[in-house]
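I opened my notebook to keep a friendly record of what I looked up here. Come along and check each entry against the view.

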Amino acid sequence: MPDEVPAVRLTSITKRFPGVVANRDIDLTINKGEVHALCGENGAGKSTLMKILYGMQKPDEGTIEIDGQEVSFKTPADAIARGIGMVHQHFKLADNLTVLENVILGAEPKRRGRIDFDAAREKIREMSAAYGLRVDPDVLVETLGVGDRQRVEILKVLYRGAKVLILDEPTAVLVPQEVDELFGNLRELKAEGLTVLFISHKLDEVLSVADAISVIRRGTSVATCLDPREITSRRLAELMVGSELPTPELRESTVTEDVQLDVAKLTVLTPEGRPVVDDVSLRIRRGEIVGLAGVEGNGQSELIEALMGIRSADTGTITYGGDDITHWPTRKRREAGIAYIPEDRHRHGLVLEGALWENRMLGHQTQRPNVRGPWIDRGGARRDTTRIVQAYDVRTPGIDVPAAALSGGNQQKLIVGREMSGEPRLLIAAHPTRGIDVGAQAAIWEYLRQARAAGLAVLLISADLEELIGMSDTLHVILRGRLVARVDPGTVTPEELGSAMTGAGSDAGAADE
Amino acid sequence: MSEPQETPKTAPAPAGGGSPEHVPAWQAILRGLGPRGWALRLGAPVLALVISLVITMILLRVTGADPVSSIQSMIDYGTTDSSIVDILNRATRYYLSAVAVAIGFRMALLNIGVDGQYRLAAFLAAALGGALTLPAPFGQMLVIVAAMLIGGLWAAIAGILKVTRGVSEVLSTIMLNAIATGVIAYLLNDKRLAEVRPGSNNVATAQIPESGRVGPFNGALNSIFSGPVLWVILVAGAAAIVYLSYRKQVAAGEPGKSPVAGLVLGVIGAAVFVAVTALVVGPILTDLPGEVYGLLPMAVVVGIVFWVVINFTRFGFDLKVSGLSPTAAQASGVSAKRMVVITMIASGAVAGLIGMPELLGASYEYSLNFPAGLGFTGITVALLGRNHPFGIALAALLFAFLDQTSDVLQEVDVPKEIVGVMQGVVVLTVVIVYELVRRWEIRLQQRTVAAELATGHDLAKGAA
């Protein structure tokens with residue numbers, strides 16, 4: 001339903017940073033009431049363009065028109081005032097506040113000088129019903145799963161009166177059912193007359209939800225307003241990266257008979273005594289990748305933390321290469337060769353303010369080449385960081401820059417390189433390719449394949465079901481802390497896996513057991 | 001589907017600027033010569049001090065004084081020989097106190113209880129020292145070790161409460177301060193550990209015997225800053241600076257760092273060092289009239305140990321990481337509970353040292369007149385010095401200077417309390433300026449990284 005006046009029209013947007021042109025002559029037209037997808041690899045200039053549209057940066061050249069009127073944003077507040085809202089990839093919510101408090105934060109309705117919580121609650125209920133967002137305003141955000149948090153973010157933006165919603169890679173953190181739900185929400189938003197700008201590099205999703213697609217590559221638009229009915233995902237991928245889309249797949253089996261990790265009847269309880277990991281038994285052999293599929297918040301994080309010794313197991317045993325490590329501290333486990341790619345790289349994987357070489361030491365600060373006895377071996381750590389940067393293609397001008405200065409994909413490659421160092425025997429990889437671009441994703445898959453061939457045992461947790469199916473030798477499904485099914489990655493489809501994860505179809509599990 | 005790429009080099013260069021531009025040579029030299037980090041590290045405090053000086057002068061103006069002449073008289077008075085002795089002694093106390101606080105700050109642990117820790121430690125150690133007579137080095141060592149133990153144990157209470165019961169260390173240390181005050185008041189009594197000084201209302205512990213005291217540092221200062229020792233220091237210091245600067249530039253053979261720049265930078269640094277030592281510090285520190293604390297070198301050693309531990313040891317790394325990101329520290333295998341207790345004990349042990357220079361070098365007893373409140377000054381000094389051993393030294397000297405010269409303000413009809421305001425202004429300005437500069441630097445770095453990558457300056461590609 002294209003209108004005469006587009007909701008947003010960007011004309012010849014150019015943005016230069018010292019020595020770089022981040023955006024060059026980008027034109028983008030978004031019609032009212034459509035879901036418009038913007039595709040491009042990380043670093044292609046999507047974020048810069050969105051920051052310009054959201055008032056976080058000013059373009060050097062070019063104009064922005066909203067509803068046919070030329071505007072100039074100095075701050076995001078200006079953009080919000082013109083009805084533009086953004087849902088960031090990394091949620092910006094305060095854990096210890098309720099949904100209601102998070103939503104109204106900074107835009108509190110007042111009555112006689114006091115915050116009118118009742119009016120706000122009423123409004124949130126109405127909006128959440130109208131858009132099918134299913135959010136209870138009075139629960140604490142820390143108790144919510146990823147999908148719920150995202151809905152809170154969307155609600156927050158809508159609450160401020162947004163007419164144009166920018167969603168930055170909203171599906172990166174969701175499972176298929178949640179993605180479907182999100183897309184359902186987006187359609188409802190569209191039906192209510194809102195415009196959605198959807199940033200993604202997952203092409204199937206883009207094709208299924210978007211009304212129009214624009215692609216940018218290397219800072220310039222290579223295609224605008226494509227019709228999703230007339231384009232294949234293959235063609236889109238070529239537009240995006242100039243090459244074909246990599247697929248997660250394993251070639252020949254490298255599984256051996258040696259059991260590297262044997263988890264028996266592991267149970268982890270919450271402080272209230274509720275089991276979050278419930279009687280989990282699991283074996284990983286050398287040269288085997290064991291995938292764990294599950295909707296986020298079903299005990300995966302707790303299981304990983306128990307395996308790493310960050311959280312203590314309440315009952316059950318963890319045996320690692322013959323040793324009972326159930327009561328070992330984290331450091332001893334790491335020293336014994338358990339590598340860990342955490343799910344949240346900013347909170348658990350890196351010290352953002354630290355230099356790259358300091359981050360290379362993280363988690364390995366008792367091992368060579370980083371230390372000699374109680375002393376830090378700067379030379380050794382720095383040399384090895386340089387090696388990782390080169391071997392894992394971490395794009396950085398040097399190893400003294402802080403980790404915060406790298407893009408997400410490069411941060412992740414540094415973490416993967418670090419964890420693959422020192423000949424680990426077990427790798428616990430949580431979402432190793434979350435939110436990173438296609439090239440880096442293919443690279444990380446290749447590293448996993450190589451390490452597996454060299455005899456590494458891997459526990460792979462991912463929300464990307466294609467990755468799970470393609471990269472696993474064995475695949476378990478976890479639901480409410482229990483392993484409910486074991487499926488054959490050779491035959492299962494993402495849809496079947498998705499229903500097993502939600503507990504809807506016990507058929508997928510039963511078929512294989 | 002397609003074969004996965006063998007080499008992961010398919011990702012396009014971020015934010016593509018068409019033809020790769022070369023980094024001009026002069027820029028590369030500049031980058032080696034004066035990395036942004038260094039410029040900012042020197043520039044930020046200077047900027048902050050200039051701003052706070054301006055604010056202070058405005059304040060003086062508002063109170064009706066002549067700002068220029070007030071500050072002039074502070075400087076005149078502060079640079080007299082006898083003032084310098086007092087400033088050095090004050091700065092020694094402030095320095096130790098600030099290091100004790102900074103150890104906790106480094107891992108985001110707020111030890112507000114340094115005050116109670118040092119007073120209790122000094123008091124009990126004084127009582128111990130007064131009760132025993134041991135031959136020369138042992139008496140002093142015993143008192144110092146006892147003070148460190150007591151300070152460490154008193155601080156450990158807060159650490160253990162935090163890890164076992166989840167009590168905030170801010171609350172527990174504040175309460176422990178009050179308890180320490182009570183304990184000292186109870187024990188500092190002629191029926192218990194102290195005696196009343198005849199002819200006054202003062203109550204004090206027994207005097208530490210001659211053999212247990214530490215003599216003044218003046219003699220050592222005189223010999224250090226004259227004759228052959230000075231030459232040795234100048235030559236060795238200059239050589240070390242040049243070598244370290246060179247090493248730093250060629251470390252790990254990373255591209256883009258020029259050894260020549262390292263040498264040039266080193267020579268400049270060495271020249272500054274020689275000039276400052278021989279022409280400024282030397283003349284000031286020789287032939288001082290009063291007694292400089294004999295334990296002043298102990299403060300220097302504590303600073304060096306702090307610096308070495310933070311930068312060159314595993315423990316220091318764990319400490320830093322715990323401060324910057326507790327979650328990442330935990331995932332990397334740092335035991336948060338252990339770190340909290342150890343850090344509190346270390347902080348308390350250094351706090352125990354705060355009273356030692358005064359106790360062993362000047363008062364020889366703990367009395368009602370023993371300097372109090374140093375723990376709180378330490379918090380502001382640590383903030384001002386950015387928890388860095390060298391920064392804290394400068395901050396301690398500045399605070400000591402301000403405190404010492406506050407008296408002279410009364411002579412020019414300015415209330416001496418204005419100095420407290422000045423100290424507040426300095427700390428606030430520094431904290432704010434540093435934070436702004438830090439944010440700006442992160443943005444700058446992100447931008448430079450993108451820029452350097454786009455212009456082909458890429459470590460990953462460089463050596464492939």
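**Turns and loops**

I started with B:Asn387, which sits in the loop between helix 16 and helix 17 (389-411) of chain B. This is a predicted model, so I read each entry as a description of a prediction. Phi of B:Asn387 is near 60 degrees, a positive value in a residue other than glycine. Most residues other than glycine have a negative phi, and most peptide bonds are trans. I also asked whether B:Asn387 is buried or exposed. B:Asn387 has a relative accessible area of 15%, and because under 20% is the cut-off, B:Asn387 counts as buried.

Next I looked at B:Arg386, just after helix 16 of chain B, and found a positive phi of about 55 degrees there.

In chain A, I noted A:Glu169, with a positive phi near 45 degrees. A:Glu169 belongs to the loop between strand 9 and helix 6 (176-191) of chain A. Its relative accessibility is 8%, so A:Glu169 counts as buried.

I then checked a peptide bond: the one from A:Arg368 to A:Pro369 is cis, with omega near 5 degrees. I found A:Pro369 in the loop between helix 12 (356-361) and strand 19 (371-372) of chain A.

**Helix 16 of chain B**

How many of the eleven residues of helix 16 (residues 374-384) of chain B are buried? I found eight, so this helix is largely enclosed by the rest of the structure. Among the buried ones I listed B:Leu374, B:Gly375, B:Ile379 and B:Leu384.

**Strands of chain A**

I looked at strand 6 (residues 84-87) of chain A and saw both faces covered. A:Ile84 and A:Met86 are buried on one side, and A:Gly85 and A:Val87 are buried on the other. Strand 6 runs parallel to strand 9 (residues 164-168) of chain A, and four bridges join them. One pairing I wrote down is A:Gly85 with A:Leu165 as its bridge partner.

Strand 11 (residues 212-217) and strand 12 (residues 220-226) of chain A pair in the antiparallel sense, also over four bridges. There, A:Ile213 has A:Leu226 as its bridge partner. Two residues lie between the strands of this hairpin, in which A:Arg218 takes a positive phi near 50 degrees.

I stopped at A:Gln260 in strand 13 (residues 259-269) of chain A. Its relative accessible area is 3%, so A:Gln260 is buried. Leaving out residues up to four places away in sequence, A:Gln260 touches nine residues' worth of neighbours that include A:Arg285, A:Tyr320, A:Arg425 and A:Ala457.

**Cores and a patch**

In soluble globular proteins, nonpolar side chains tend to be buried together. Which members of the largest nonpolar core touch the most other members? Of its 137 residues, I noted A:Met420, A:Leu427, A:Leu497 and B:Met356. Helix 4 (residues 81-106) of chain B gives the most to this core, with twelve residues. A second, separate core has 50 residues, including A:Ile154 and A:Leu182.

On the surface, I marked a nonpolar patch of about 670 Å², made by residues including B:Val260, B:Val272 and B:Ile284. B:Val272 lies in helix 10 (residues 259-285) of chain B. With 47% relative accessibility, B:Val272 counts as partly exposed.

**Chain B overall**

I closed with chain B, which has 19 helices and two strands. Of its 464 residues, 47% are buried. The chain exposes about 21700 Å², and carbon and sulfur atoms supply 70% of that.

Conventions
Residues numbered from 1 in each chain as written. Chains lettered and ligands numbered in written order. Predicted model: local features only at pLDDT ≥ 70, side-chain atom pairs only at ≥ 80, totals over all residues. Heavy atoms only, no water. Core = buried A, V, L, I, M, F, W, Y, C linked by side-chain atoms within 4.5 Å. Buried < 20%, exposed > 50% of the residue type's maximum accessible area, 1.4 Å probe, protein only. Patch = residues over 30% accessible without salt bridge, like charges linked within 9 Å, V, L, I, M, F, W, Y side chains within 5 Å. Areas by Shrake-Rupley, 256 points an atom, 1.4 Å probe, with all protein chains shown as cover. Salt bridge = Lys/Arg side-chain N within 4 Å of Asp/Glu carboxyl O. Pairing = 2+ DSSP bridges. Contact = heavy atoms within 4.5 Å.
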